[in-house]
Amino acid sequence: YAAKKIGNGAFDHCINLKEALFDYVETIGNSAFSSCKGTSFHRIVLPNTIKSIGYNAFRYCSNLRIVNCYATTPPTLGAAAFRNCHSELKIYVPNASVDAYKTASDWSSYADIIYPLT
């Protein structure tokens, strides 16, 4: 999927979503995927073009377990973007960027679950 922006609430409460795989996207709006509780929605792939992830973007996606984010510079992250996702959620980022993500504003609250892509 390619889009410059995924708007606020675009997929809010979508129960049949399986994955979110993006070839190109710069912005994911507030609550864009909030409460996507379908049992098969377990992974998102964010390309190196991502610049901003909004407030509550993936909040309450209770089966979301894997986030692959290819941006070398941590995107701006809204508060509670990944709150109440699966208890085994892991965020994978480029190897050389792990420390930058772990210390970036709002990403730091997820420092314990940020890992290198390889």
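Two strands count as paired when DSSP finds at least two bridges between them. Keep that in mind, everyone, as we go through this one. And a word of caution before we start: what you have in front of you is a predicted model.

Let's begin with a pair in the middle of the story. Strands S4 and S6 run parallel and are joined by 4 bridges, and at least two are needed for a pair. Within that pairing, Ile-44 sits opposite Val-67 of S6. On its other side, S4 pairs with S2, again in the parallel sense, over 3 bridges. There, Ala-20 has Ile-44 of S4 as its bridge partner.

Now put those pairs into the whole sheet. It is an open sheet of 5 strands, ordered S2-S4-S6-S8-S9, and the pairing is parallel. Which strands are at the edges? Strand S2, residues 19-21, and strand S9, residues 114-116, each of which pairs on one side only. On average, neighbouring strands here are turned by 20° against each other, ignoring direction. Towards the S9 end, S8 and S9 run parallel with 3 bridges between them, and Tyr-92 stands opposite Tyr-115 in S9.

Let me pause on one residue from that sheet, Ile-66, which belongs to strand S6. Is Ile-66 buried or exposed? Somewhere in between: Ile-66 is partly exposed, because its relative accessible area is 29%, and the partly exposed class runs from 20% to 50%. Beyond its close sequence neighbours, meaning those up to four places away, Ile-66 touches His-42, Arg-43 and Ile-44, and also Leu-89, Lys-90 and Tyr-92. The C-alpha atoms of Ile-66 and His-42 are 6.3 Å apart, though 24 residues separate the two along the chain.

There is a second sheet as well. This open sheet has 4 strands in the order S1-S3-S5-S7, with parallel pairing. S1 and strand S7, residues 76-77, are the edge strands; each has a single partner, so one side of each has no neighbour in the sheet. S5, residues 52-53, runs parallel to S7 and is joined to S7 by 2 bridges. In that pair, Ile-53 is opposite Leu-77 of S7.

On to the interior. As a general point, nonpolar side chains in soluble globular proteins tend to be buried together. In this model the largest nonpolar core has 35 residues, and the members touching the most others are Phe-33, Phe-58, Leu-64 and Phe-82. Strand S4 (43-46), strand S6 (66-69), S8 and H1 each contribute at least two residues to this core. What does Phe-82 contact, setting aside neighbours within four places in sequence? The list is Ile-44, Phe-58, Leu-64, Val-67, Leu-77, Leu-89, Ile-91, Trp-107 and Tyr-110. You'll recognise Ile-44 and Val-67 as the residues opposite each other across S4 and S6.

Next, two loop residues. Ser-97 sits in the loop between strand S8 (90-93) and helix H1 (98-103). Ser-97 has a relative accessible area of 5%, so this residue is buried, the cut-off being under 20%. The side chain of Ser-97 reaches the backbone oxygen of Thr-72 at 2.7 Å.

Asn-8 is in the loop between strand S1 (5-6) and S2. Its relative accessible area is 54%, which means Asn-8 is exposed, the class for values over 50%. Not counting residues up to four places away in sequence, Asn-8 touches Gly-29 and Asn-30. A polar atom of the Asn-8 side chain lies 2.8 Å from the backbone nitrogen of Asn-30. The C-alpha atoms of Asn-8 and Ala-57 are separated by 8.3 Å, with their positions 49 residues apart along the chain.

Last topic, and one for anybody eyeing the cysteines. How many disulfides does the structure hold? The count is 0. Why is Cys-14 unbonded? Because the closest cysteine sulfur, in Cys-36, is 5.2 Å from the Cys-14 sulfur, too far for a bond, and a disulfide needs sulfurs within 2.5 Å. Cys-36 is in no disulfide either; the nearest cysteine sulfur to Cys-36 is that of Cys-61, 4.7 Å away. As for accessibility, Cys-14 is partly exposed at 24% relative accessible area, whereas Cys-36 is buried at 0%.

That's my tour. Thanks for listening!

Note on methods
Residues are numbered from 1 along each chain as its sequence is written. This is a predicted model: local features need pLDDT of at least 70, side-chain atom pairs count only at pLDDT 80 or more; totals for chains, interfaces and linings use all residues. Side-chain values use heavy atoms; hydrogens and water are left out. Buried means under 20% relative accessible area, exposed over 50%, partly exposed in between (1.4 Å probe, protein chains only). A polar contact is a pair of N or O atoms within 3.5 Å; within protein, one must be able to donate a hydrogen and the other to accept it, and residues adjacent in sequence count only if both atoms are side-chain atoms. A nonpolar core is a set of buried Ala, Val, Leu, Ile, Met, Phe, Trp, Tyr and Cys residues joined through side-chain atoms within 4.5 Å. Contact means heavy atoms within 4.5 Å. Axes are lines fitted to C-alpha atoms, for helices over the stretch in contact, and angles run from 0 to 180 degrees between N-to-C directions.
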